[in-house]
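Let's take a walk through this protein together. Have the sequence and the 3D view ready, and follow along as we go.

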Amino acid sequence: MKKQKHVVVIGGGASGIVAAISAKRNGADVTLLERNSRVGKKILATGNGRCNLTNINSDINFYNGQNPKFIYSTFGQFGIQETLSFFEKLGIEYKVEANGKVFPMSDQSSSVLDVLLYELNHLGVTIITDCYVTELKKNKRTFLVKSSDNKTFLCDSVVFATGGKSMPSSGSDGSGYELIKKLNHTIVPVFPSLVQLILQCDFLKRIDGVKFVGRADLIVNKKSCSTDRGDILFTSYGISGPPILQLSRKAGEFLQNNKECYIRLSILDTMTEDEIQKRLERRFEDNSYKTIFESMIGLVNKRLIPVILLEANISNQNRLASTLTKLEKKQIASLLKKWDFQIIGTKDWNNSQATAGGVNTNEVYSDTLESKKVEGLFFSGEVLDIDGQCGGFNLQWAWSSGMLAGRNAATL
């Protein structure tokens with residue numbers, strides 16, 4: 001009779017929890033180690049507390065890393081439909097919202113965590129919290145795992161699911177990378193992703209809190225390399241909003257490589273620049289008795305008007321609209337369509353939702369998620385050099401990779 005394998009899962013986030021469930025369902029004795037006082041802390045924060053379970057549009061176009069194609073085999077074995085079925089059987093009814101985002105009908109991330117915890121307990125997974133792993137060694141066929149309180153665990157396989165560096169308050173502070181390096185693995189340099197951008201701009205405090213619906217383009221070498229549309233928010237340090245978070249990954253990558261990049265905002269993005277200019281000329285003509293400032297009220301957010309006029313080299317906003325020159329009107333129209341800001345950084349790990357970089361996927365078998373360098377060592381989730389866009393893509397990677405890593409840790 002084949003000896004029952006003992007699998008230790010390091011990290012009790014989304015991926016680690018599913019890895020533990022998967023390993024246990026496949027016949028292993030499983031111990032789940034979590035540094036926090038409870039598992040699944042980060043799950044509670046996802047989707048603004050609603051838990052964006054997945055996205056029905058998940059495919060390679062929504063993922064990043066040195067080799068995004070790495071996800072193909074994992075998703076081929078446990079993809080969107082398998083994920084939805086998995087949660088349905090645990091008790092989660094779901095709904096599909098705008099842009100393919102999937103949420104639990106309860107609109108509570110706590111319900112997702114609850115059913116996962118019920119399953120862990122039902123299966124008999126040993127959960128040890130407040131357990132900070134400080135050492136991981138491989139001795140012939142056995143792994144030795146040590147924690148900061150001198151606890152020792154011997155096991156046959158390890159699933160490494162410690163996450164990245166985003167939201168360190170949830171427990172993912174990047175310390176897992178150091179353990180992996182000691183096992184001869186390479187870490188692709190990490191940086192914050194899905195994060196707000198810091199801009200070089202003198203008047204940001206004047207428009208802090210101004211929000212508009214428009215388009216944002218990431219500009220490098222005077223060309224747009226990525227674009228997104230939606231709610232955009234000016235802040236005292238720069239800019240935020242869903243489109244900005246989507247563009248932040250590429251912006252961070254360019255900044256890491258010391259490339260100059262800009263964010264181009266289109267406030268009136270549904271009109272061409274010529275259409276904007278004609279609209280302005282009509283407004284200024286109809287409101288010729290008003291000041292320039294007054295004549296623009298109702299077109300854009302009132303707090304933006306003074307800074308737009310200054311950027312258009314119009315120093316006196318109290319001039320009559322009738323005094324505007326053709327060039328000044330053209331400059332205003334141009335800014336409303338293409339307003340460029342230099343990006344000088346991103347907010348820190350505390351503000352980021354995902355980690356770019358991580359364990360080099362060239363050193364991991366894509367069909368099993370086992371290390372090519374250490375037999376019996378498996379990886380799942382954000383610790384790998386795979387990160388997705390906003391909208392449920394990162395959680396889908398967590399579920400899929402966790403399920404695959406746990407199953408193979410138990411059976412290979």
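Start with Cys155: its sulfur has its closest cysteine sulfur in Cys131, 12 Å away, and that is too far for a bond. Keep in mind that this is a predicted model. Cys155 is also buried, with a relative accessible area of just 2%. Cys201 tells a similar story: the closest cysteine sulfur belongs to Cys261, and at 15 Å that's too far for a bond as well. Cys201 is buried too, at 16% relative accessible area. What does a search of the whole structure turn up in the way of disulfides? It finds 0. A disulfide would need two cysteine sulfur atoms within 2.5 Å.

Now for the rings. The structure holds 15 aromatic pairs. One of them joins Tyr63 and Phe75, which meet edge-to-face, with 5.5 Å from centre to centre and 80° between the planes. Tyr63 belongs to strand E4 (residues 63-64) and Phe75 to helix H2 (residues 71-77), so this pair ties together parts that sit 12 residues apart in sequence. Both Tyr63 and Phe75 are buried. They also have company: Phe62, Phe70, Phe393 and Trp397 join them in one aromatic cluster.

Some rings have a charged neighbour instead. Look for Arg50 over the face of Phe103, 3.8 Å from the ring centre. Over at Tyr237, the charged end of Lys347 sits over the ring, 4.3 Å from its centre.

Finally, an unreviewed UniProt entry annotates residues 192-352 as the domain "RsdA/BaiN/AoA(So)-like insert". In the model, the end C-alpha atoms of residues 192-352 lie 6 Å apart, and the span is 33% helix and 28% strand.

Note on methods: Residues numbered from 1 in each chain as written. Predicted model: local features only at pLDDT ≥ 70, side-chain atom pairs only at ≥ 80, totals over all residues. Heavy atoms only, no water. UniProt positions renumbered as here; feature names shortened; annotations may be inferred. Helix = DSSP H or I, 4+ residues; strand = E, 2+ residues; numbered from the N terminus. Phe/Tyr/Trp six-rings, centres within 6.5 Å; stacked < 30°, edge-to-face > 60°. Buried < 20%, exposed > 50% of the residue type's maximum accessible area, 1.4 Å probe, protein only. Lys NZ or Arg CZ within 6 Å of the ring centre and 35° of its normal.
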